[in-house]
Amino acid sequence: MTATPALPASDPSRPTATVPGSKVLYGADYNPEQWDPSIWREDVALMRQAGVNTVSLGIWSWALLEPAPGQFCFDWFDEVLGLLVEAGIDVDLATPTAAPPSWFYRAHPEARLVEADGTYRNGGSRGICCPHSPAYAAAAARITDAVAAHVAGNPHVTMWHVHNEYGAPGGDCHCETSQAAFRDWLKHRYGCLDELNRAWGTAFWGQLYGDWSEVTTPRHSGTALNPTCELDFARFTSDSLLARFTAERDIIRKHFPRTPVTTNLMATNCPANDYWRWAQDMDVVSTDYYLEADSPESQIWLAMESDLTRSLAGNRPWILMEHAVSAVSWQPHNRAKMPGEERRNALAHIARGADGVLAFQWRQSRRGAEKFHSAMVPHAGTDTRVFREVCALGGELTGLDELRGTEVRARVALLWDWNSFWAQDLAWRPSVLMRHREQMRRVYEWLWDRGTTVDFVHPEADLGRYDVVLAPASYLISDAAAANVAAFVHRGGRFAALPFFAVVDDEECVHEGGAPGPLRDVLGLTVEEVRPIPEGCEVTLAPTPAAGVPQDAGAVTATVWSEHLRLAGARGVWNAVDGPTPGPAITVHDYGRGTAVYVSVVLQPRALATVLDPLLDLPIDKPATLDGGRPRNLEAVTRHATDGSGRAYTVLLNHDAVAHRLALVGNDLLTGRELHATEPTTLAPGDVAVVCHETTGDH
Ligand code: GLA
C-alpha cells in the first residue's frame with residue numbers, strides 16, 4: 001500500500017523558531033486601507049494607549065498594493081509602516097493572496113474555483129482561486145515576492161502571515177486543471193490504475209477505470225460517491241493548499257531567512273486541512289478562534305481549540321491570531337460579550353499555551369460585509385466599555401511576559417486525526433447522528449468538567465509521555481496507528497475507545513473480520529453488529545460488580561448507538577438492560593501491563609464521568625475549593641517553566657456567577673498580591689488569577 005506519510009519530517013535546516021519578541025503579543029489585524037490617512041495617526045496613538053505591540057498588516061491589500069498587473073504601489077503602505085515603526089509596534093506582515101484583485105478575475109476567469117456541482121466561485125467577495133491554477137500561482141508568487149522584497153531587511157517585520165485561513169471558504173476545486181492535478185496526485189499515491197481500482201473498490205457499482213482520463217474529482221453525481229475517492233480528494237485538497245502555503249513561505253524566506261512564517265489556522269473548525277501535516281511546515285503555529293457566543297459551554301469549546309492548537313505546535317507556544325473582542329457578525333445571532341468576558345477568554349488562551357492574543361480587527365469597519373463585527377476600537381469610539389476593557393487587558397498582559405515559553409504538561413491525550421474525521425462523516429454511515437465532532441466534544445466536555453488537562457495527538461505519534469490515551473472518534477485506524485496504540489497499552493498505558501472505533505483502514509476499507517480490526521486483541525472483543533438507537537430513544541445501562549462503582553450508583557442512559565459485542569477476554573462492566581442490544585456495553589480488558597476500555601454506546605459527559613472515572617484513574621489539575629469539591633466552571637491550567645527552576649504559573653478562571661474560595665500559595669501576577677495558604681483567596685465571579693508558584697519535580 002502506498003500511503004501518504006502522516007507526519008512528514010520538518011525541515012532540519014530551519015532553527016526551531018518561536019513566537020517573536022519578548023512580550024506577550026497583543027494586537028489585531030490592522031486594515032488601514034479602509035480609512036483616511038488622518039485616522040492612521042490616531043490609530044497608532046490609540047494602539048500605544050491600549051498596549052498593542054503587534055499588528056497583522058496587509059491581509060486584504062492585494063488590490064491596493066498591485067492596482068494593475070505588475071504595477072506596484074507602496075506609498076500608502078510605507079507611510080503606515082513608518083507610523084507603526086515609530087510607535088514601536090511590530091508588524092506581522094501578510095501576503096494578501098486570500099483576496100485576488102478584480103483585474104485578476106477579469107484576466108483569468110479560468111482560475112475561478114469550481115464547486116462540485118459545476119458552479120463557479122466568482123470575485124466580489126474573498127477566498128482563494130483554484131489552488132491548482134498556474135495563473136493564480138504566478139500572481140500570488142509575484143505579489144508575495146514584491147512585498148517581501150520591498151521590506152527586505154526591515155527588523156520591525158517580526159513575523160510573516162501567509163494568506164488567510166486556507167480552506168475558508170473551502171479550497172476544493174473541480175475545474176479541469178484540478179482534475180488533472182488530482183490524477184497526478186493519485187498516480188503518485190497508487191502508481192498504476194490497477195492499484196487505484198483495488199484501493200477504491202471500484203468493482204462495486206461497476207466503477208472500474210480503464211484509463212486515467214476517466215478518473216475525476218468527486219463531482220456532483222447520481223447518489224453516493226465512491227468513499228475512497230472522496231477521502232483521497234480531501235487529502236489531495238489539503239496537500240494542494242499546503243503547497244500554496246509553502247510556495248509563498250519559500251519566497252518570503254529568500255528575503256527574510258530568519259523571520260518566523262505562520263499562517264492562521266482554524267484548529268478545530270477547519271474540515272479542509274490535515275493540520276498535523278501543516279504544522280510541520282510552519283515556524284510558529286497560530287490559530288483564529290471565534291467564541292460560540294450563544295453556547296452555554298462556550299468556555300469549553302474555547303479550551304478545546306487552545307489545547308488542539310498547542311498540540312499542533314508540538315507543545316510549544318502558539319499565537320491566537322484572531323478572535324473577537326465582543327460580537328462577531330456571521331453567526332445567526334451575534335451576542336456581544338458581557339463585561340469581563342473578553343478578559344477571561346483572552347487569559348484562557350494564555351492559560352493553555354498561547355504567547356500572543358490578537359483580534360480581528362483593530363478599528364470597526366463602517367462599510368463592507370463586516371461592519372457589525374466588533375473591533376478593539378468600536379464605532380462608538382474610545383469612550384466605550386469595549387475600548388476600556390481592551391486597554392485594561394493590554395495593561396495586564398504586560399505583567400505576564402514571564403509566562404512566555406513555558407509549557408503545559410498534560411498526562412492525558414485524545415487521538416485526533418483529520419483522515420478519520422473525513423472518513424467518518426462521509427455519506428451512508430449507520431447513523432447521521434454519529435459525527436466525529438459531537439463524539440470529540442462529549443469526551444472533551446467530560447474531561448474539562450473534571451479539570452483534566454489534555455493534549456491532542458496524532459494516532460501514529462509518540463504516546464510515551466501519556467498515562468491515559470482516549471480515542472473518542474477513531475473510526476479510521478491505519479495499521480501503524482493500531483500498532484502504536486497496542487504498544488502503548490502493552491507497556492502499561494490506560495486506553496479507552498469510544499464507539500464506531502477502528503472500523504476501516506486508511507483506504508476506507510473495513511478491517512478484515514470487522515471492528516475493532518487490528519485492535520481486537522487489545523480490546524478483547526469483536527463488534528458483531530452495530531445497532532443505532534432511533535433519535536429520541538434511550539437505552540439503560542447497569543453496572544456489573546466489575547465496574548468499580550457502588551452497585552447502587554444507579555443506571556446511566558445511552559443514546560444514538562449500540563453494538564452487539566462478542567467478548568474474547570474482555571469483561572463487561574456495564575450492561576445494557578433494555579434497548580436493541582441487551583448485554584455487555586462497556587468492557588475492560590487487561591492487555592500486557594495495561595488496560596483497554598471499550599465504550600460501545602454514546603454517553604453524555606456526566607454518564608462518561610460515572611462510567612469512566614472509576615476505570616481510568618485520571619489526574620485532576622484543578623484545585624478543590626475551601627467550600628469543598630471542584631466546581632465545574634472553575635477552570636485551572638498550569639504552565640511550567642522549562643529552565644529547570646521549578647517555577648510554574650497556574651491560571652485560574654472562574655466562569656461561575658458565584659465566588660470561589662481557594663487556598664492558594666504564590667504571587668498573583670494580575671494583582672501583585674502574595675497569596676498564603678492560611679488566608680483564603682476569593683476568586684470573584686468571572687475573575688481570573690495567574691498564580692506564580694514553585695513546584696517540586698516535574699509537575
Ligand atoms: C475570519 C477572517 C477575518 C474576519 C473574521 C471575522 O477569521 O480571517 O478576516 O473575517 O473571520 O470573524
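Here are some short exercises on helix packing, the ligand site and backbone oddities in a predicted model.

Local features need pLDDT of at least 70 and side-chain atom pairs count only at pLDDT 80 or more, while totals for chains, interfaces and linings use all residues. Residues are numbered from 1 along each chain as its sequence is written, and side-chain values use heavy atoms, leaving out hydrogens and water.

**Exercise 1.** Work out how helix H5 and helix H8 cross.

Solution. Start with the elements: H5 covers residues 134–151 and H8 covers residues 227–255. Helices here are DSSP runs of H or I with at least four residues, strands are E runs with at least two, and both are numbered from the N terminus. Next, the geometry: the two axes come within 9 Å and cross at roughly 30 degrees. (Axes are lines fitted to C-alpha atoms, for helices over the stretch in contact, with angles from 0 to 180 degrees between N-to-C directions.) H5 and H8 are therefore roughly parallel to each other; angles under 35 degrees get that label, over 145 is roughly antiparallel, 65 to 115 roughly perpendicular, and the rest oblique.

Now the residues: H5 brings Tyr136 and Thr144, among others, to meet H8 residues including Arg244 and His255, where contact means heavy atoms within 4.5 Å.

**Exercise 2.** Do the same for helix H6 and H8.

Solution. H6 spans residues 176–190, and its axis comes within 10 Å of that of H8, crossing at roughly 105 degrees. So H6 and H8 are roughly perpendicular to each other. On the H6 side, Phe182 and Trp185 are among the residues in the contact, and on the H8 side, Phe233 and Phe236 are among them.

**Exercise 3.** Which residues surround the ligand, and which side chains have a polar atom by one of its oxygens?

Solution. First, the surroundings: Trp60, Arg126, Asn164, Glu165, Asp288, Tyr290, Glu322, Trp330, Phe360, Glu370 and His373, each with a heavy atom within 4 Å. Then the polar pairs: a side-chain N or O atom of Asn164 is 2.8 Å from a ligand oxygen. For Glu165, a polar side-chain atom lies 2.5 Å from a ligand oxygen, and for Glu322 the value is 2.5 Å too.

**Exercise 4.** Where are the cis peptide bonds, and which non-glycine residue has a positive phi?

Solution. One cis bond joins Phe360 and Gln361, with omega about -5 degrees. Gln361 sits in the loop between strand E11 (354–359) and helix H12 (385–398). Another runs from Ala515 to Pro516, with omega near 0 degrees. Pro516 is in the loop between strand E16 (494–497) and helix H16 (520–523). As for phi, Phe500 has a positive value of about 60 degrees, and Phe500 lies in the loop between E16 and H16.

Definitions and conventions: A polar contact is a pair of N or O atoms within 3.5 Å; within protein, one must be able to donate a hydrogen and the other to accept it, and residues adjacent in sequence count only if both atoms are side-chain atoms.
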